[in-house]
Each structure stands twice: as structure tokens, then as C-alpha cells.
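Please work through the exercises below with the sequence and the structure at hand. Each task is followed by a worked solution.

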Amino acid sequence: MQTPMVYPKRQLGIRGRAIATKVITYVLLLGLSISFILPFLWMVSTSLKLSQDVFTYPPSFFPNSFEWTNYPKGWRVLPFNTFLINSLIVTLSNVAGNVLSCSLVAFGFARLHGRGRNFLFLLLLATLMIPREVTIIPRFLMFSAAGLTNTLWPLVLPAWFGYAFFIFLLRQFFMGIPIDLDHSARIDGANNWQILTQIILPLSQPALASVAIFAFIGNWSNLLDPLIYLRSTELYTLALGLNLFRGQNFTQFNLLMAVSIITLIPVLLMFFFSQKLFVQGVSLTGMGGR
Amino acid sequence: MTNAQPTPITTPPKGKPKIGGMARKEERSFYLFILPWIIGFLLFDAGAIIASFGISFTNWSALSAPAYVGTLNYSRLIADQVFYKAMGNSLYYGLGSVGLGTIVSFLLALLLNQNVWGMSLFRTIFYLPSVVSGIAVAILWIMILHQDFGLINSFLAWFGIKGPGWLVQPQWAMPSLILMSLWSAGGSMVIYLAGLQSVPTHLYEAAEIDGADTFQKFWTVTVPMMSPVILYNLIVGFIASIQGFVTVYVMTNGGPANATLVYGLYIYRTAFINFQMGYASALAWVLLVVIILITVVQFIVARYWVYYEGDLKS
């Protein structure tokens, strides 16, 4: 009696099965998409609610009224303008430092020969494995001995000495540029610096942009280093300021959400305008941004 | 050549190949170009690791001078219940978030790899949460996981289910953080998607000719071809998740009842709240050793499941 049960399945055929697969795929994709987007919508919805509407049971997904003033109101609770400026100083100098130092080092590894090059490159990749907890205490003590705690310097200086992931990314990209270009430039009398700045870097704009974006996002949302090094409120970055805000006003979720959204805007803009670069950076190295 | 000392060009030592003037000049440029990294490495990586090892044998509040205490910090560590708790929590979080994260991100990549309409839109949707990280997202998830007013429990309430106090009940706190980590699965998804798209189609065609069905193609072509990428993601993901603590710091600060006190948070507290630099360094060194051990084990186990193209043994 079991054979008749099998027939309809067989009659579905290759085409039928392909359609069934498609349907299942789209149902899954739609369901998952909604669950990935919902937190964002919830965030926006909460940021527009009145304080008393945040804590209602059962909670409403849509705000009863759109309180756009939550945004300026939240922003004024703490000196967020100062925090924004500090964040910009830290983030932009990290972007500049990383792009410059990592280009130099990557050029060395991609184009120049010297004893121990392979060993040094392995060492460079190995540093990606070192847990941050191991280095953070000596680093802190070092900056402390130099009298640089409670300044922005500890957040800014390390970027000027290269970062293994970015060096790796740029080196991979530089290796893809034909070496013949270097040779002909050398015949024309160009030195290494000229080859780097006039040939390699102009051809590497996508990779440089990837580095800049990863460095921007990584530093923009960095909480650990500001938490350890900064004491005075006027030096706080946005992430640390938001942490302070959370500690003081943990019941005002609408204002907290509004300020959180403001801090995410640069990251979101960057993502939407340069998604291709993200994906390129990822496929070039086989690694994510962090 | 690797052992050659920098000697004057005029008197090359016997038996060692002479380095030409050009090569010597290039070598000098090489070291000059990588100098920023070398300084950074000596100062911030190698120097820091060695210093950390030295500090772990001292009692140091960072305010007064360090006092040598021998292996006291390590014997204290062996008797410290919180140390075991924190290590266990980190391993729990690492295994949970990396294990589930790998499955979710691989599934997402498989779904997107099927020539679906609107693929780039879906990719954006899945990828975006992994790009926004940090405190803003942690605050958002405090709200989502809120016992009474949160998104998840309101959803469950539709079905008449009374959701738990996700972040306030010890048995639910860690699963909540793992669930939250899945929201960022899009980061590895992009890596897997790039990998899937580079699997040569002729392998699938060959498998089809041999009569393989979808599942067989998946297990005999897709998984072996993707295994190096998966291995890489497992290693890096595990290292990242075992040391991450900022999200935990913001969301639960280790509570309730130390249920989410992860190792990184314990080190942070010891060093920067209690100012016990010596003990914190000992904790950090144990973490380094554990990470190296886990990575070595992963590489050894990988011999049995990772396939490298051009590998004759396979």
C-alpha cells in the first residue's frame, strides 16, 4: 500500500521540485529578512514614543504620536556636541594614520625584498591572534607612565604604527597590480616612494577606501579604549557619552534610542554608499572587518 | 643567506653568497617601509606581551611601585572560583555564538547563492546588523529583551506565551546574548557567499553526471570546497568571541549572579576597577595560553575535515 504514496512525489518532476525549492527559499528569505529588520524598526519606533508610551503593556509596535523632539531633547541631556567632536578627532586621525602607515608597510611586503620578509609577514599575521586583554594592561601602564592617560593620545597613536588586518588587505591588493608598472617606472627613474604614491596608491583606491571605512566604523563604535583611558567628561567620545547617558537615564529609553540612532547615522550612510567596497574588502582577504 | 650579518660589501664572509649592492639597497628600503609596523610590533605587541608576563609575577596597583610576589598570582588563580566561572562562561558563549553563528550564516549564504531575485537587497538586509555594533546596539537589545516591554516577549505574548526575563534570569542571560550575537551573522555570511560563488561549477556538473542529488552535492562538493573558509571563520570567530566583553559590560555587567561574567570582563574589572594589574596580567596570560591551545586543537582536528585544493593526500 505504500507505492501509491510515492507516485505523486515522483510526478512532481524536476520542474515541480525546482519551483518548490524556489518557494521555500523565498519564504525563508522573507521571514529572516523581517526578523533582521524588526530590531531597527523597533528602535526607530521607540525613539519617537512619549516616555509613558515606552512602558505600556502590552507594548505597541507603532508610536501613538511622533515625538521628533526626542532627538534634540536627548542630544541636549549631555554635552553630545563635545562628544561628537572628540569622536571625529579620534576616528579621523585613526583613518588617516591607518591608511598612511598600512600603505607603507603593505608596499614593503608586496614589492620590496629583504631578509626575513616571509617570517616578518607571518609574525604580522600572528598578531591578529593575540587577545586584546593581554596587551591592554601593559599598553595602559605604558601610556600611564608617559602621562598620557586622560588624553585622546592613547586612542590616536597606535593607528600610526599599522594594523595587521589592514596591512594584509592592502598587501593582497598591491600584489594584484602588475609589477611591470613598477619596472617601467623604475626605468624612468622613479624611486620607491614615487612608485607607491604615483602608481600603486592611485590604482588601489577601492582597497584604500575599504581600509578607511573599516577603520572609521571600528573606531567610531569603540567603547573599550575610551572607557579605560578617559576620565574627564569633556574628553568623552560618543560611545562613552552614550554609556554615561545609559547609566544616568536608564528609564528614558525613547531619548536613549534617539541618541543611539544619531550615533549610528554615519555608519549607516557609509554602509549604504559603499556596500560594494565592504564586500570587496571581505572577499579580498576572506576576513570580516573586525 | 638568512643568517648573514650586515658586513661591509668589500669583505664578504667566506662561504656566504654575496648580496649585490642593488639588493642591499632594496633591503634597506624594505625595512624602512615596514618600520612603522616594526616599531608598533615591538612596542604594542611583542613588548606588551613580555611586559604582561613580567607584571603577572608582581603585585601592582599602577599607583605605587610593583612588588615581586613570585607565582602568587597563579596560585591565587587556581583557587579562584570566579576564574573558573568566567572561563566557563566565555567558552559557553564562544561555542554557542560561533557554533550557531556558523550554521546561521552558512544557511543565509546558501539561500542567497541560489540566484534569487533581489539578492543584493537581501544581502544588504542580512549584512547591515553586523556593521552596526557597539553600545548603541547593546542598548537596543536591552530594550528588545526587556521582560515586560520588549519586542521578543510581546511577540511571544501574541501566542499566549509568557516570555522569561531574558537578561535578569541566570539561566536565560547567556542564551540571550548568544541569540543577540546571531543578529550579526551577516558578517560571516558575506565571506561564505564570496566562497560559494567561487566554487567551480564544473564540480557540480560532474557530481550531477554521477547522479548526485542536492544533498549529496552539498556534502561532497560544497562543504569540502568551503571547509578552509569555515575553518578560518571558526578560529577567528572563536578568538573574537572569547575576548569580547563590551556588549556584556553594557547589557548585564556580568550579572545576574555572574551568569554572564565573561573572561574579558573579569580581566577588565580586575585591572581597571580593582587596579590589580598583576593578577589581571596572570588572568590575561592564561587566556593567551588557552587561545593558543584551542587554535592548535582546531588545526589538528582540521586535518580530518578541511580539504585544500591541490592537497595530494585527499
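The exercises that follow concern a predicted model.

**Exercise 1. Overall form of chain B**

Compare the radius of gyration of chain B with that of a compact globule of 314 residues.

Solution. Step one: a compact globule of 314 residues would have a radius of gyration near 20 Å. Step two: the value for chain B is 26 Å. Step three: along the principal axes, the C-alpha atoms of chain B fill a box of roughly 85 × 70 × 35 Å. The chain contains 14 helices and 2 strands, and 39% of its 314 residues are buried. Of the contacts in chain B with a separation of 6 or more, 65% join residues 24 or more positions apart.

**Exercise 2. The contact between the chains**

Determine how many residues each chain gives to the contact, and describe the side that belongs to chain B.

Solution. Step one: 75 residues of chain B and 76 residues of chain A take part. Step two: helix α2 (residues 35–55) of chain B supplies the largest share of the chain B side, 12 residues. Step three: by residue class, the chain B side consists of 56 nonpolar, 15 polar and 4 charged residues.

**Exercise 3. The two domains of chain A**

Locate the domains of chain A and characterise the contact between them.

Solution. Step one: domain 1 covers 3–68 and domain 2 covers 71–285. Step two: their C-alpha centres are 36 Å apart. Step three: the contact involves 8 residues from domain 1 of chain A and 7 residues from domain 2 of chain A. On the domain 1 side, the elements that give two or more residues are α2 (13–47) and α3 (51–54) of chain A; the largest share, 4 residues, comes from α2(A). This side divides into 4 nonpolar, 3 polar and 1 charged.

**Exercise 4. Helix α11 of chain A**

Check the span of helix α11 (residues 192–203) of chain A, and establish where its buried residues lie.

Solution. Step one: at 1.5 Å a residue, the 12 residues of this helix should span 16 Å, and the end C-alpha atoms are 15 Å apart, which agrees. Step two: the buried residues of α11(A) are A:N192, A:L196 and A:I200. Seen down the axis of α11(A), these buried residues fall within an arc of 45 degrees, so they line one face of the helix. In general, an α-helix has 3.6 residues a turn, so residues three or four places apart point the same way. Step three: the buried residues of α11(A) pack against α5 (80–111) and α9 (164–175) of chain A, together with α1 (21–33) of chain B. Step four: the exposed residues A:Q198 and A:P202 are on the face of α11(A) turned away from its buried side.

Technical notes
Residues are numbered from 1 along each chain as its sequence is written. Chains are lettered from A and ligands numbered from 1 in the order in which they are written. This is a predicted model: local features need pLDDT of at least 70, side-chain atom pairs count only at pLDDT 80 or more; totals for chains, interfaces and linings use all residues. The radius of gyration is taken over C-alpha atoms; the globule rule is 2.2 Å times the number of residues to the power 0.38. A residue is buried if 20 or more other C-beta atoms lie within 10 Å of its own, exposed if 12 or fewer, and partly exposed in between; C-beta atoms are placed from the backbone. Two residues are in contact if their C-beta atoms, placed from the backbone, lie within 7 Å. Ala, Val, Leu, Ile, Met, Phe, Trp, Tyr, Cys and Pro count as nonpolar, Asp, Glu, Lys and Arg as charged, and the others, Gly among them, as polar. Domain bounds come from an automatic or database domain assignment. The expected span of a helix is 1.5 Å times one less than its number of residues. The arc is that of the directions from the helix axis to the C-beta atoms.
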